[in-house]
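Reader: Hey, got a minute to go through this one with me? I'd like to start with the parts I should be careful about.
Author: Sure, pull it up and ask away.

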Amino acid sequence: MSTLVMDSRQTELLRVLLVEDNVLDAKFITGLLRLPTAALQCQHVTRLAEALDHLEKNSPDVILLDLNLEDSAGYDTFYRIRQAAFRAAILVLSGSDDEDLAIRTVREGAQDYLVKGTFDGRLLLRSIRYAIERKRSEEALRQSQATVRAIFENSVEGIVIFDDDGICLEANAAAGALINLPRKELIGSRLCDFCEKGFEEVWVQLRASQSGRGQFWTHLKDGSRRLVDYSFTANVLPGQHLAMVRDITEQQDMEEQLRDSQKMEAVGRLAGGVAHDFNNILGIISGHAELLESSASSQVERSRAEKIISATEKAASLTRQLLAFGRKQVMTLKLLDLSSVLEGISSMVDCLVGAEIQINIQAAKNVGLVRADQSQMEQVIMNLTANAREAMPEGGTLTITIDRYLSSDQPDLPPGEYIRLSISDTGAGISQEIQSRIFEPFFTTKKNGSGLGLSTVYGIVKQSGGYITVHSEAQCGSTFSVYLPVINGSHPNPTPSESRSRSHVPGHETILLVDNEEDLRNATCEYLESCGYRVLTAGDGKEAIEICNRYAGSISLLISDIVMPKLNGRGLVDHVRKTRPGTSILIISGYGADAVWRHGIALDPSCFLQKPFTFQVLSAQIRSVLDKEA
Amino acid sequence: MFWDESRADSEVDLLNREGFDPQALLHLVHGDFNLLQELVDLFGTEVPGMLASIEKAIQQGSASDLEKAGHKIKGSMLQLSAHAAAKIALQLEKSGQTGSMDGTGILLEKLTQEVHVLDQTLRSMLQNRLSH
């Protein structure tokens, strides 16, 4: 190996490897490169093996290569050198004017091909510099292409190149996955073959407008369909059009589910609000009916008043359901008789299933008690009932069974005694594949289902320490069974209607009654006065505070609504507790008990009464609060 | 394609030229007589070996060796603008390619003669340069 260091005044010293077996030719070439303008470090080897060894340790900028060496000849020499030095520019110097070989080497990566005797020093030097620049440009292009290729192949978005006729010229794997086809099968296919009918017109419009975005449904071979979001750019290269595509089917499903959830939330709020207002109205009706009853001069008048009171109680039961639906009630665990719970909502169950479905209820009495939230249990029954109804669009039989069940050796149910609530339908049944997913949130097979019904049931049952199973066979209907542990040796908590006493409880204390519903306030006032109480009344919190401040005597009890104009119940309660610590407090509201803590009022649960209430219940509650304080 | 075949004389063009072109050689080496001296010195040591390789290939009837040896000396003759010698070397190379050994002995004699003349001419060029 010989080394020739030439002019180093140039800032960039080019490293040249001359591979030439003819020492006379090598001398000629290195001699030509001794130009004043050259800044080269040239090393000469005569054999291919020597060249490969040199390239293992060095990275020349350019290789001047004679193809015919002692140990290699022709294209093979070029191929071996190119493999060993893919970053170097290669300039072939040949004694043969072989055009085919020249074209082949240039096509395969040589930067130039010069015939010996046709170049002087200047031309050779210029060729070297051009070759290096070309190589650098090629390398930059290669890296850019590699980057683009990596992005193309690894993009999670589908990328497709189409020709003018919508034929796929190139596609990445993500595009193939989107329509469940191998990438190779996608190439050569027509775009419109995968789109819904009428997309041909869209394609023409896209071509005309040069770019655009949109969505289309694509039908897969397995019969399913996916919603595709696309972005189109025409002529990214002449006659080649780019489309970026992605599957938004699940995203759209999620958005629909979110919209449904929000809709349900809105409906719930509306129901809760309506129930609150309705409770106030019922309170007025109920109160005046009780006044009529107490002042009735005949049995007929008394009977009519009782019918009004009875009707308001039924209406109050319905509003409780609305409040539960609107989730305005907090979870309150208490001992429940599920048969009584079912009985309480039987009218709603009737309404829910409709006339086409026959209802068969087999609810045994006194089977035992469970510890659960009543409104949640009502929701479980309603959701499972709604699910059964959906399974029988053309009618059938809905069977609700409540019984006691002893588990001894079952895989999904620990040993013990349970109250079993079973709801069966005679619908088409649920396939095995779907059965494993039906309790997942947002999983639904219904077109307009939220996928929340059964998942809510599952959550409530688990929260209550219970278990749920489903048994279903094709064309034989489905049975959902809820198992809640039996609480032995206890008695059920009284329901509000049962706790209502018809007794008239007299009193003598002073009561401050605050309610913005004037009719209800007046009726209540009249009733309490008839019981012997001295009653001060106010239409809002601010007026009540003025009375508190002005009234010199003792006020034994504050009865107040929560939601009122000017100053709400919380502000009033805080003031009374501060200025009159001896005054007892009883909160009344058209909302559920949770409204008390939602408004930040610390209160014993026994000091709350939900509207509508009968005056007898009110008087009993007043006595209970006052006597407890005493 | 980057290769510009029109920018330089082709091998065919060179081989169609007659004899040795001293001016062309001086042009290629940019009048660098030092380089020319080095080339002439190497010519004296390398070219006899090349001719011997051709002779050996002919004697042994090895067409492939004849092709290689003919190709090698052809490149050197082209570099030195010795067109007549390069033309004969090409004929020897082609004889090797085709495997036809007929007349190769005569071609070798002609080539040897051309090379001898070339050597004399190159040396006289250098001599004249020194005397001037």
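Reader: Where does the pLDDT stay under 50 in chain A, say late in the numbering?
Author: Over residues 494-502 of chain A. This is a predicted model, and for that stretch it has ten contacts beyond four places in sequence.

Reader: And which other residues of chain A are below 50?
Author: Residues 3-10 of chain A are below 50 too. That stretch has 17 contacts in the model beyond near neighbours in sequence. Where pLDDT is low, the predicted coordinates should not be read in detail.

Reader: OK, what's the mean pLDDT of chain A?
Author: The mean is 85, with 90% of the residues of chain A at 70 or more.

Reader: Switching to chain B. How many helices and strands?
Author: Six helices and zero strands, so to speak α-α-α-α-α-α from the N terminus on. Chain B has 132 residues, and 39% of them count as buried.

Reader: What share of its contacts is between residues 24 or more positions apart?
Author: 65%, taken over the contacts in chain B with a separation of 6 or more.

Reader: How many residues does each chain put into the contact between them?
Author: Chain B gives 29 and chain A gives 27. On the chain B side, helix 1 (11-16), helix 2 (22-28), helix 3 (33-60) and helix 4 (63-79) each supply at least two residues. The largest share there comes from helix 4 of chain B, with eight residues.

Reader: What's the nonpolar, polar and charged split on that side of chain B?
Author: 13 nonpolar, eight polar and eight charged.

Reader: Now the largest nonpolar core: how many residues?
Author: 74. Those with the most contacts inside the core are V19(A), V62(A), I63(A), L64(A), L65(A), L91(A) and A85(B). Helix 3 of chain B provides the largest share of this core, eight residues.

Reader: What does L91(A) touch, leaving out residues up to four places away?
Author: Among them are V62(A), L64(A) and L65(A), as well as Q111(A), D112(A) and L114(A).

Reader: Last thing: how do helix 13 and helix 15 of chain A cross?
Author: At roughly 145 degrees, with their axes coming within 9 Å. The crossing of helix 13 of chain A and helix 15 of chain A is left-handed. Residues making the contact include V380(A) and L384(A) from helix 13 of chain A, and V457(A) and I460(A) from helix 15 of chain A.

Reader: And the makeup of that contact, nonpolar, polar, charged?
Author: Seven nonpolar, six polar and no charged.

Notes:
Residues are numbered from 1 along each chain as its sequence is written. Chains are lettered from A and ligands numbered from 1 in the order in which they are written. This is a predicted model: local features need pLDDT of at least 70, side-chain atom pairs count only at pLDDT 80 or more; totals for chains, interfaces and linings use all residues. Two residues are in contact if their C-beta atoms, placed from the backbone, lie within 7 Å. Helices (H or I, at least four residues) and strands (E, at least two) are DSSP runs, numbered from the N terminus. Ala, Val, Leu, Ile, Met, Phe, Trp, Tyr, Cys and Pro count as nonpolar, Asp, Glu, Lys and Arg as charged, and the others, Gly among them, as polar. Axes are lines fitted to C-alpha atoms, for helices over the stretch in contact, and angles run from 0 to 180 degrees between N-to-C directions. A crossing is left-handed if the near helix is turned anticlockwise from the far one by less than a right angle, and right-handed if clockwise. pLDDT is the predictor's confidence in each residue, from 0 to 100. A nonpolar core is a set of buried Ala, Val, Leu, Ile, Met, Phe, Trp, Tyr and Cys residues joined through C-beta atoms within 7 Å. A residue is buried if 20 or more other C-beta atoms lie within 10 Å of its own, exposed if 12 or fewer, and partly exposed in between; C-beta atoms are placed from the backbone.
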